[in-house]
Amino acid sequence: ITSIIDKLEEMGYKIIKGNGWVKLNSIKRPKSVNISTYPYPGFPTDLQQPLTALLTIAKEDSVIEETIYKDRVAHIYELNKMNAHIDIFGSSFIIKGNSKLKGTILVGKDLRGTASLVLAALVADGKSEILGVKYLDRGYSNLITNLKSLGAHIDIYEMD
């Protein structure tokens, strides 16, 4: 996870590593970074979507180049519905920093994209409703429970 820790440190997080755990400090707004996804040992494509959500509140503009799954953009349209300002240029995204995200109704369409919407909703003003949270159960064990233990206010409703 070295490439991830390196990017988080570049964003201004202080990282403390232990045997089987990582701790990082909380900061108001991370610094902007540029990311290109690559196969191991490069920056993992699986973290592109959650990092896109985080970078919407960064201090300045960031760029993400998705080199592996170039069509992985559904989350960007949803983040823009929250008042994010992300432009798509081919397989690259320019993320305008300092966005003031606003809660709204969102649709998750895949595992990581839905996770990015949950993260964005946690920092947005107002409430968000996210449809498609079934995707989270496929790949994130106890994500909602863990976020609640950190103080997040999340309710899950079953829909017919």
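Visitor: Which side chain has a polar atom 2.5 Å from the backbone nitrogen of Lys-14?
Guide: That of Asn-25. Keep in mind that this is a predicted model.

Visitor: Where does Asn-25 lie?
Guide: In a loop. Strand β2 (21–24) comes before the loop, and β3 (34–36) follows.

Visitor: Which residues does Asn-25 touch, leaving out those up to four places away in sequence?
Guide: Gly-12, Tyr-13 and Lys-14. The Lys-14 backbone nitrogen is the one at 2.5 Å from the Asn-25 side chain.

Visitor: Is Asn-25 buried or exposed?
Guide: Partly exposed, because its relative accessible area is 26% and buried means under 20%.

Visitor: OK, what separates Asn-25 from Ala-120?
Guide: Their C-alpha atoms are 18 Å apart. Along the chain, the two residues are 95 residues apart.

Visitor: Switching to helices. Which residues of α4 make the contact with α3?
Guide: Ala-120 is one of them. The others on α4 are Gly-113, Ser-116 and Leu-117. From α3 come His-75, Glu-78 and Leu-79.

Visitor: How do those contact residues divide by type?
Guide: Three are nonpolar, three are polar and one is charged.

Visitor: And at what angle do α3 and α4 pack?
Guide: About 20°, with the axes 9 Å apart. Here α3 covers residues 74–81 and α4 covers residues 111–123.

Visitor: Why call α3 and α4 roughly parallel?
Guide: Because the angle is about 20°, and angles under 35 degrees count as roughly parallel.

Visitor: Is the crossing left-handed or right-handed?
Guide: Right-handed, for α3 and α4.

Notes: Residues numbered from 1 in each chain as written. Predicted model: local features only at pLDDT ≥ 70, side-chain atom pairs only at ≥ 80, totals over all residues. Heavy atoms only, no water. Helix = DSSP H or I, 4+ residues; strand = E, 2+ residues; numbered from the N terminus. Buried < 20%, exposed > 50% of the residue type's maximum accessible area, 1.4 Å probe, protein only. Contact = heavy atoms within 4.5 Å. Polar contact = N/O pair within 3.5 Å; in protein donor to acceptor, adjacent residues only side chain to side chain. Axes fitted to C-alpha atoms, helices over the stretch in contact; angles between N-to-C directions. Left-handed = near helix turned anticlockwise from the far one by under 90°. Nonpolar A, V, L, I, M, F, W, Y, C, P; charged D, E, K, R; others polar.
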